[in-house]
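Work through the exercises below with the structure open. Try each task before reading its solution.

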Amino acid sequence: MKIMNMVNAINDALDIKLGEDKNVVVYGEDVGVEGGVFRVTEGLQQKYGVERVFDSPLAESGLVGTAVGMAVAGLRPVIEMQFCGFVYPGFNQIISHASRMRNRSRGLYETPMVIRMPYGGGINALEHHSESMEAIFGHIPGLKVVAPSTPHDAKGMLISAIESNDTILFMEPKRIYRAIKQEVAEGKFTIPLGKANVVSQGTDVTIVAFGAMIREVQKAIVMAKESGISVELIDLRSIYPIDRETIAKSVKKTGRIITVTEGPRSFGLGSEISQIAIEEAFLHLEAPPARVSGFDTIVPLPRGEHHYMQDPYKILYEIERIVKY
Amino acid sequence: MRYIFKFPDIGEGLEEGTIVEWHVEKGQKVQMGDPLCTMETDKVVTAIPSPKNGIIAARFGKAGETVHVGSALVEIDIEGVEGAAAVDEANKVEPLEEGAGVVGTLEVAGNNAVLVASKEGVRVEENISSGGKKALSTPVARAIAHDMGVDINLIKGSGPAGRVTKEDVIRFAQDGSRQIKPAAVPGEATSPVLHTNLVDSEPLSQMRKTIAKNMIQSKHNAAHMTVFEEVEISELDRIRKKYKESLAAEGVKLTYLAFIVKATAMSLKKFRALNSEMDFEKSVMLYKKYYNIGIAIDTEKGLVVPVIRNADKLSVKEIAIEINKISDKARDGKLTMEDMKDGTFTITSYGSIGGLFAVPVINYPQAAILGIGRVSKRPVVKDDVLAVGLVLPLSLSVDHRIADGGDTARFVNSIMGYLADPVSLIME
């Protein structure tokens, strides 16, 4: 066991896979010499050389496109999108090629690649640096979209993602990159993608969240407990494929569900999860599924960002409202 | 021996502090508790005391610099080791973690804020009871249940897989099966006991249980009807006063009640319905040919009703003696079942304590009960002249199943006649 934050844990996972699989390559903007703007890839170029860990030009379309080519050719590229909001120029490569290569080639070619993206707000950043775009990627057939909430999960999930033969959007909650430390097992271990984690058990309300929101929900749960409300928290971990079974089981027990997500509300992840709750546990529901989410607008600049962010009080408000319904 | 003193977490969840001012120099001798420096955190400005005696070998950080919890603050040379060696050692301390990033600011966890290791794979299911079974139901049925004030979880569903349907809710609400069991077994209805500091919860005494049971039985079975009357008893008062002294000499206390018992017993003989009992089950009336008058007596433990047997055959004086006897026994708690059984009619003289009129509850299965109110001096019309009268209020409750209004009124009139003209009590 070693105490790590999420940056250390991701670095550790990359180190392990670079070390054991010569087909793994890691690159992106500032990834090589600089070690990434968040220092996630720090020391890797020194250790594995410029052929395996290197800087890409400032061109996201080329970044993704070259990875598609490498993956088809048999490598396992792990590329870093410096910020989630920079992905748009590479979007066409993701949708038009990466996500459908297997289908297009009738199974002849695969694109085993990981696109790492720091996502989400709460760090007082500028425009294009705070988006939470899980819904956009979750909507695209052929992609897997995952997001860890702890150093342990980040390491185990990233190793699983690199070993997967699918194209995986690995969303990293940059807000808690360094805000959480945890004892993480040394050496290689994996966490299966597609499986949610029941973080804490409860009887009155189910809350489904992921990434940086887990910590906010946990604060709300402490306050709710003072009002005698027992909350079950599910860390989704995998946005697609989504763990219907774990959600359904929990909602059947509690009869109520709240989703807490950072992205804009309309057509967001909250709607999808609410619908799953309705389909799987309609007869158990005691209140309409509720959503705590971002708003249908661009994440504000630092001065106004807190209005947009989901804090424990907004979550607590929904918990109390839905229990009294 | 060298000791590296790290900036301690001096507040809950503290992550960093700013050095305001150093109080020690390199090479300075310090005692345990001496202030090393003043630190400003987001919560307090406070002096950081030295944890050891020794010589300051090195200081880390200048005034105005921010120091993270857990990073080295000073090195103390406890046994006089060379300062340079200490500085080398201190330099091996891990570099400060920074919220690296070209854009934005990242929150950095303190070294003491460590999340527990994941227990995934060895998770032990917490055993949380779900607090009763929850109903399967559609939202519309839940809404109807809510509107009707019904707890849907109590309803047995008739739909697929036990689903509670709209019809189930409506049926449940209408058939009243959700209500508390009707008082078919009187006295056994229970109410929730409150366990709070505001309420003293005490178990019911056997006596209180009996009283409660009898009262419910009476109110449940008898059709209560009450008439109110007033009778002027100046003459009775005169006679009572006349004999009071001499009887007191014999140890007998002569009260109005003795006369009232006598008048009642004599009136009962004329109106047998008032001295009867209805056996509804067997469809028979039981007219009693004995006149045992129960006297309701208030005691500390509760109401008791000892009986004066064959009151019709006793003189007023004998009745007075009997009343004295049972009162004493009641007060001393020495009444036996023998003293209290076989009453045929009851008199309750609440007026001796207070109350002009009351509506007495029949001592079921008796047919009636006479209530005696408070005697008071009142203006009355005597021979067309306004005079001061002594007025006794009476209230008679009858079981209207047994006694009709006519008999009831006539019975009251009879009692009133005896009391207004007490000599008549010895004429018949």
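**Exercise 1. Take stock of chain B.**
Count the helices and strands of chain B, then describe its burial, contacts and surface.

*Solution.* This is a predicted model. Start with secondary structure: chain B holds nine helices and 19 strands. Next, burial. Of its 428 residues, 37% count as buried. Then turn to contacts between residues at least 6 apart in the sequence of chain B: 61% of them join residues at least 24 apart. Finish with the surface. Chain B has an accessible surface of about 25000 Å². Carbon and sulfur atoms account for 53% of that area.

**Exercise 2. Trace the sheet in chain A.**
Give the strand order of the open sheet of seven strands, and find its edge strands.

*Solution.* Read across the sheet in chain A: the order is S3-S2-S4-S5-S7-S6-S12. Pairing is mixed. Now take the two ends. Strand S3 (53-55) and strand S12 (238-240) of chain A are the edge strands, since each pairs on one side only. The twist averages 20° from one strand to the next.

Zoom in on one pair. Strand S6 (residues 143-146) and strand S7 (residues 167-173) of chain A run parallel, paired over four bridges. To locate a bridge, start at A:Val146 and look to S7(A): the partner is A:Phe170.

**Exercise 3. Place a helix on the sheet.**
Which strands does helix H3 of chain A lie across, and at what angle does it run to S4(A)?

*Solution.* Find helix H3 at residues 60-72 of chain A. Beneath your cursor should be strand S2 (24-28), S3, strand S4 (76-80) and strand S5 (113-119) of chain A, the strands that H3 lies across. Then compare directions: H3 runs at about 170° to S4(A).

**Exercise 4. Classify an aspartate.**
Is A:Asp15 buried or exposed?

*Solution.* Locate the residue first: A:Asp15 lies in helix H1 (residues 6-20) of chain A. Its relative accessibility is 18%. The cut-off for buried is under 20%. So A:Asp15 counts as buried. Now list its contacts, setting aside neighbours within four places in sequence: A:Leu44, A:Lys47 and A:Tyr48.

**Exercise 5. Find the cis peptide bonds.**
Where do the cis bonds from A:Tyr240 to A:Pro241 and between B:Tyr364 and B:Pro365 fall?

*Solution.* Take chain A. The bond from A:Tyr240 to A:Pro241 is cis, with omega near 0°. A:Pro241 sits in the loop between S12 and helix H9 (244-254) of chain A. Move to chain B. B:Tyr364 and B:Pro365 are joined by a cis peptide bond with omega about 10°. B:Pro365 belongs to the loop between S16 and S17 of chain B.

Stay in that loop. B:Val359 is found between strand S16 (345-348) and strand S17 (368-372) of chain B. Together with B:Phe228, B:Leu356 and B:Phe357, B:Val359 makes a nonpolar surface patch of about 340 Å².

**Exercise 6. Check two positive phi values.**
What are the phi angles of A:Arg39 and B:Asp383, and how exposed is each residue?

*Solution.* A:Arg39 has phi near 65°, positive in a residue other than glycine. Its loop runs between S2 and helix H2 (44-48) of chain A. With a relative accessible area of 22%, A:Arg39 is partly exposed.

B:Asp383 has phi near 55°, again positive in a non-glycine residue. The loop here lies between strand S18 (376-382) and strand S19 (385-399) of chain B. Exposed requires over 50%. B:Asp383 reaches 75%, so it counts as exposed.

Conventions
Residues are numbered from 1 along each chain as its sequence is written. Chains are lettered from A and ligands numbered from 1 in the order in which they are written. This is a predicted model: local features need pLDDT of at least 70, side-chain atom pairs count only at pLDDT 80 or more; totals for chains, interfaces and linings use all residues. Side-chain values use heavy atoms; hydrogens and water are left out. Two strands pair if DSSP finds at least two bridges between them. Helices (H or I, at least four residues) and strands (E, at least two) are DSSP runs, numbered from the N terminus. Axes are lines fitted to C-alpha atoms, for helices over the stretch in contact, and angles run from 0 to 180 degrees between N-to-C directions. Contact means heavy atoms within 4.5 Å. Patches are made of residues with over 30% relative accessible area and no salt bridge: like charges are joined within 9 Å, nonpolar side chains (Val, Leu, Ile, Met, Phe, Trp, Tyr) within 5 Å. Accessible areas come from the Shrake-Rupley method with a 1.4 Å probe; for residues, only the protein chains shown count as cover. A salt bridge is a side-chain nitrogen of Lys or Arg within 4 Å of a carboxyl oxygen of Asp or Glu. Buried means under 20% relative accessible area, exposed over 50%, partly exposed in between (1.4 Å probe, protein chains only).
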